[in-house]
Amino acid sequence: MGASIPNAMATQHTMASTPSFVDWSTIAPRAIAPGVTIRVFSSAQLMLSLVEMAAGSVIPPHQHPHEQMGLWLEGEATARIGDQVRHVQPGESYYIPGNVQHTFTVGSAGARALDVFNPPREDYL
């Protein structure tokens with residue numbers, strides 16, 4: 001990859017193997033739940049997932065072996081990570097160890113978050 005990623009609109013993710021920049025608008029969104037889409041930018045060891053969530057949408061309870069960290073960008077939600085429940089809002093971050101069940105229920109304005117996974121989630125590639 002060069003300095004930018006041209007003509008990537010047809011892809012649902014972008015894989016980087018050399019120093020790169022990404023324009024998120026060139027990555028096609030992929031639905032992962034009703035009202036929830038992701039755009040993925042990944043390397044062999046690290047993955048970013050830009051998550052866009054419609055008002056009232058729910059990311060159902062799930063778990064995966066990957067470590068996950070996130071930055072809540074817009075909107076609000078109720079998050080359950082393991083036994084902890086918290087109202088999340090812009091500027092807050094979270095950490096989800098591998099194999100810990102988690103879910104998010106989005107508020108009335110919709111939301112956006114940026115998730116980071118290590119290693120990359122194969123099911124998102």
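## A guided tour, starting at a salt bridge

Select Glu 74 and Arg 112 to begin: their side chains form a salt bridge with an N to O distance of 4.0 Å. The term salt bridge here stands for a side-chain nitrogen of Lys or Arg within 4 Å of a carboxyl oxygen of Asp or Glu. This pair ties together distant parts of the chain, with Glu 74 in strand E6 and Arg 112 in strand E11, 38 residues apart. Strands (E, at least two residues) and helices (H or I, at least four) are DSSP runs, numbered from the N terminus. Glu 74 is partly exposed at 41% relative accessibility, and Arg 112 is partly exposed too, with a relative accessible area of 26%. The cut-offs are under 20% relative accessible area for buried, over 50% for exposed and partly exposed in between, using a 1.4 Å probe and protein chains only.

Before moving on, please note that this is a predicted model, in which local features need pLDDT of at least 70 and side-chain atom pairs count only at pLDDT 80 or more, while totals for chains, interfaces and linings use all residues. Residues are numbered from 1 along each chain as its sequence is written, and side-chain values use heavy atoms, with hydrogens and water left out.

**Zoom out to the whole chain**

Now show the whole protein chain as a cartoon. You will find 11 strands and 0 helices. Of its 125 residues, 37% count as buried. Switch on a surface, and the accessible area is about 6,700 Å², with 58% of it belonging to carbon and sulfur atoms; such areas come from the Shrake-Rupley method with a 1.4 Å probe, and for residues only the protein chains shown count as cover. Among contacts (heavy atoms within 4.5 Å) between residues at least 6 apart in sequence, 57% join residues at least 24 apart.

**More salt bridges**

How many salt bridges does the count come to? The count is 5. For another of them, select Glu 52 and Arg 39, whose closest N and O atoms are 3.6 Å apart. Here too distant parts of the chain are linked: Glu 52 sits in strand E4 (residues 47-53) and Arg 39 in strand E3, 13 residues apart. Glu 52 is partly exposed with a relative accessible area of 23%, whereas Arg 39 counts as buried at 16% relative accessibility.

Next, pick Glu 92 and Arg 86, a salt bridge with its closest N and O atoms 3.1 Å apart. Then show Arg 39, Glu 52, Glu 74 and Arg 112 together: salt bridges that share partners join these residues into one network. Back at the Glu 92 pair, is each partner buried or exposed? Glu 92 counts as buried at 19% relative accessibility, while Arg 86 counts as exposed at 52%.

**Thr 37, across from Glu 52**

Keep Glu 52 in view and add Thr 37, which lies in strand E3 (residues 36-42). The C-alpha atoms of Thr 37 and Glu 52 are 5.3 Å apart, although the residues are 15 apart in sequence. Thr 37 counts as partly exposed because its relative accessibility is 22%. Beyond its neighbours within four places in sequence, Thr 37 is in contact with residues including Pro 29, Leu 50 and Val 51.

**Asp 115 and its tyrosine partner**

Return to strand E11 (residues 111-118) and select Asp 115. Its relative accessibility of 8% is why Asp 115 counts as buried. Which side chain does the side chain of Asp 115 meet in a polar contact? That partner is Tyr 94, at 2.5 Å. A polar contact is a pair of N or O atoms within 3.5 Å; within protein, one must be able to donate a hydrogen and the other to accept it, and residues adjacent in sequence count only if both atoms are side-chain atoms. Add Ser 49 as well: Asp 115 and Ser 49 are 66 residues apart in sequence, yet 5.0 Å apart from C-alpha to C-alpha.

**His 66 in its loop**

Select His 66, in the loop between strand E5 (58-62) and strand E6 (67-74). His 66 counts as buried at 5% relative accessibility. Its side chain reaches the backbone oxygen of Pro 120 at 3.4 Å. Leaving out residues up to four places away in sequence, His 66 touches several others, among them Ile 96, Phe 117 and Arg 121.

**Last stop: an open sheet**

Colour strands E5, E10, E7 and E8 in that order to see an open sheet of 4 strands with antiparallel pairing. Its edge strands are E5 and E8 (84-88), each pairing on one side only; two strands pair if DSSP finds at least two bridges between them. Finally, look at E7 (residues 77-81) and E8, joined by 5 bridges and running antiparallel. Within E8, His 87 stands opposite Thr 78.
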